[in-house]
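These are my notebook entries on a structure that I went through one topic at a time. I set down each point as I looked it up.

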Amino acid sequence: MKHRIFTLSESSATIELGSKIDPDVNRHAIGIAQFLSDHPFPGFIEAVPAYSSVTVLFDLMEVRDVANASAHEFVSARLEEASRMAIYIEPDHTKEIEIPFTVGKECSLDLGVVAAEKGISEQEVIEIFISRPYRVYMLGFLPGFAYMGGVDERISVARKASPRLKVPAGSVAIAGSQAGIYSLPSPGGWQILGRTDVDLFSPTKKVPCLFSPGDTVRFVLK
Amino acid sequence: MGISIAKPGILTTVQDLGRIGLAASGINRSGVMDRVAVRLLNALLGNEEHSAVLEMHFPAAEIVFEAKTVCVVGGADFSPVLNGRPISNWKVFVANKGDVLKFKGRKLGSWCYLAVSGGFKVPQWHGSSSTNLVAHCGGHEGRALIKGDRIAVHTNRKSAGTIGKSLAHDILPCYSTNPIIRLIESGETRQLSKETLKQMTATTFTVSIEADRMGYRLSGTPIATKKSFELLTSAATFGTVQLLPDGQLVILMADHQTSGGYPRVGAVIEVDLPQLAQASPGNQLTFEFVTVEEAEFAFEKFERDLRILKTAIGGLSS
């Protein structure tokens, strides 16, 4: 798919690189975000990578002060440039993180549902779940919440028809091909397999969130 | 030096223009709902742009001044009274030690601001005083204010010259109970059919009861789309208009999540965000699409006006 650039608002623009969860497309997105952060244009605030897109937030007045054309045209050109430059560069600073988690009646709220829907045992669901590493594609939804992808089809189920009003913090959950961990207590509709006590969001730290886009997560049973 | 909260009000928080640079970590900007009002109030006091204010929903707080304070109220009109005597929005006044500020009734708008000379003093979290109610961080102990809370105030000698000054009508946001909100195209606008777009601009939408700092849900004739959208989660901003599967619209506000997966059918232009934010449940609004260029010009015009105001205030206080 050819990329497209659009105004998200007059002070933000998005470059969309595809419409599928794909590690290569996501690597390109993270690369674009990193290129923009490393080579900020006047007025640049932040580049936010997502599954297959990058959104750049900017100070409209600062951009208008330097742009001959409209701010949107100026920023679109910077996104085009970053997209070209980032295509072959592997993002820095990605890490591998092990997440120990507990399975049990108290914390595996939807394990039975997933097993029943897929016609396999609860133990098999967990074995399949921990058998592979997961890529952190992006952060969003809650502070420090990582959207991970690549959940095995044998355990892939849709999100709950009606979301829970309060999912406990640390809940390890899946929805479709996505996996995630609730970093804070929150309403949510993903299917909960277990719970971890690893802090994903530590407000007093300089870098408050454990995960960054591009990281690899391995789940292990506690 | 500072204020104390005698009655908390339904939702009173410390806010500034927001916390930027952490969206990639899922931490949203927070900040005031009506940036135009707060930028004007801080400019009027000769404060820095990012000086922290109190944001109040109605019923609002009852505030006791612990020392002589130069301050100004603006944004929504909640009929403010100081020691029982009515005071005007957008006009700088002096509160003395022991004075009590109350709000008697909501006349227009949803979010009222108290700005003080120097701004409120709370510990900064990642460069901002804004309260992030989701993360329970920032502002005063990461939460809405409760009875007995005391908030300190920075000093700003420049404000003395602004006592009694008020803002001219021309620069004030035009709040209304039935505003026309201007939109620019966003991610999925062009994927809507002409008929759907026509429906969006011909329909009158009502602000529903589900309207808070995270988002305003609108109700109107459901918007029919021929195609179904399956979108990957990506970034969203303050003012993003999302089309929900039931055909209703929700507009993301200051405490929105950093990402979303619903079609983005428009973006409220920056200068119209105050009119939207100040709309209350039951108010009716209509949409009008404008070009990005028009949006940029409107924004630049406000910024120019604000610069003039700041220069004039600088002249008063020096």
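**Entry 1: the barrel.** In what order do the seven strands of the barrel in chain B close? I noted first that the model is a predicted one. I then traced the order as S13-S20-S17-S18-S15-S14-S21 in chain B, and I recorded the pairing as mixed. For the twist of this sheet I have an average of 40 degrees between neighbouring strands, direction ignored.

I looked up one pair within the barrel order. Strand S15 of chain B, residues 215–219, is joined by three bridges to strand S18 of chain B, residues 249–252, and the two run antiparallel. As a register point I took Gly215(B), which has Leu252(B) opposite it in S18(B).

**Entry 2: chain A overall.** I entered five helices and 13 strands for chain A. Its C-alpha atoms fill a box of roughly 65 × 40 × 35 Å along the principal axes. Chain A has 222 residues, and 49% of them count as buried. I also looked at contacts in chain A between residues at least 6 apart in sequence: 60% of these join residues at least 24 apart.

**Entry 3: the open sheet of chain A.** Here I found seven strands in the order S5-S13-S6-S7-S10-S9-S12, forming an open sheet with mixed pairing. The edges are strand S5 (96–101) and strand S12 (191–195) of chain A, each of which pairs on one side only. Neighbouring strands of this sheet are turned against each other by 35 degrees on average, direction ignored.

I followed S13(A) to both of its partners in turn. S5(A) is joined to S13(A) by six bridges and runs parallel to it; in this pair Ile99(A) stands opposite Phe219(A). Strand S6 (residues 134–139) of chain A is joined to strand S13 (residues 216–221) of chain A by two bridges, and these strands run antiparallel. Arg135(A) has Thr216(A) as its bridge partner in S13(A).

**Entry 4: Val103(A).** Where does Val103(A) lie? I located Val103(A) in the loop between S5 and helix H4 (111–118) of chain A. I class Val103(A) as buried because 20 other C-beta atoms lie within 10 Å, and the cut-off for buried is 20 or more. Leaving out residues up to four places away in sequence, I listed its contacts as Ser108(A), Leu111(A), Ile126(A), Gly194(A) and Leu221(A). Of these I checked Gly194(A) further: Val103(A) and Gly194(A) are 91 residues apart in sequence, and their C-alpha atoms are 4.8 Å apart in space.

**Entry 5: the interface.** How many residues of chain A are in contact with chain B? I recorded 40 residues of chain A in contact with 36 of chain B. On the chain A side, strands S1 (4–9), S2 (12–16), S3 (44–49) and S4 (53–58) and helices H2 (60–66) and H3 (71–86) each supply at least two residues. I entered the make-up of that side as 24 nonpolar, 13 polar and three charged residues.

**Entry 6: the largest nonpolar core.** This core holds 156 residues, among which Leu41(B), Val53(B), Tyr113(B) and Ala115(B) touch the most other members. Helix H1 of chain B, residues 35–45, gives the most to the core, with eight residues. I closed with Val53(B): not counting residues up to four places away in sequence, Val53(B) touches Gln15(B), Val32(B), Val38(B), Leu41(B), Tyr113(B), Leu114(B), Ala115(B) and Phe120(B).

Definitions and conventions. Residues are numbered from 1 along each chain as its sequence is written. Chains are lettered from A and ligands numbered from 1 in the order in which they are written. This is a predicted model: local features need pLDDT of at least 70, side-chain atom pairs count only at pLDDT 80 or more; totals for chains, interfaces and linings use all residues. Two strands pair if DSSP finds at least two bridges between them. Helices (H or I, at least four residues) and strands (E, at least two) are DSSP runs, numbered from the N terminus. Axes are lines fitted to C-alpha atoms, for helices over the stretch in contact, and angles run from 0 to 180 degrees between N-to-C directions. Two residues are in contact if their C-beta atoms, placed from the backbone, lie within 7 Å. Ala, Val, Leu, Ile, Met, Phe, Trp, Tyr, Cys and Pro count as nonpolar, Asp, Glu, Lys and Arg as charged, and the others, Gly among them, as polar. A nonpolar core is a set of buried Ala, Val, Leu, Ile, Met, Phe, Trp, Tyr and Cys residues joined through C-beta atoms within 7 Å. A residue is buried if 20 or more other C-beta atoms lie within 10 Å of its own, exposed if 12 or fewer, and partly exposed in between; C-beta atoms are placed from the backbone.
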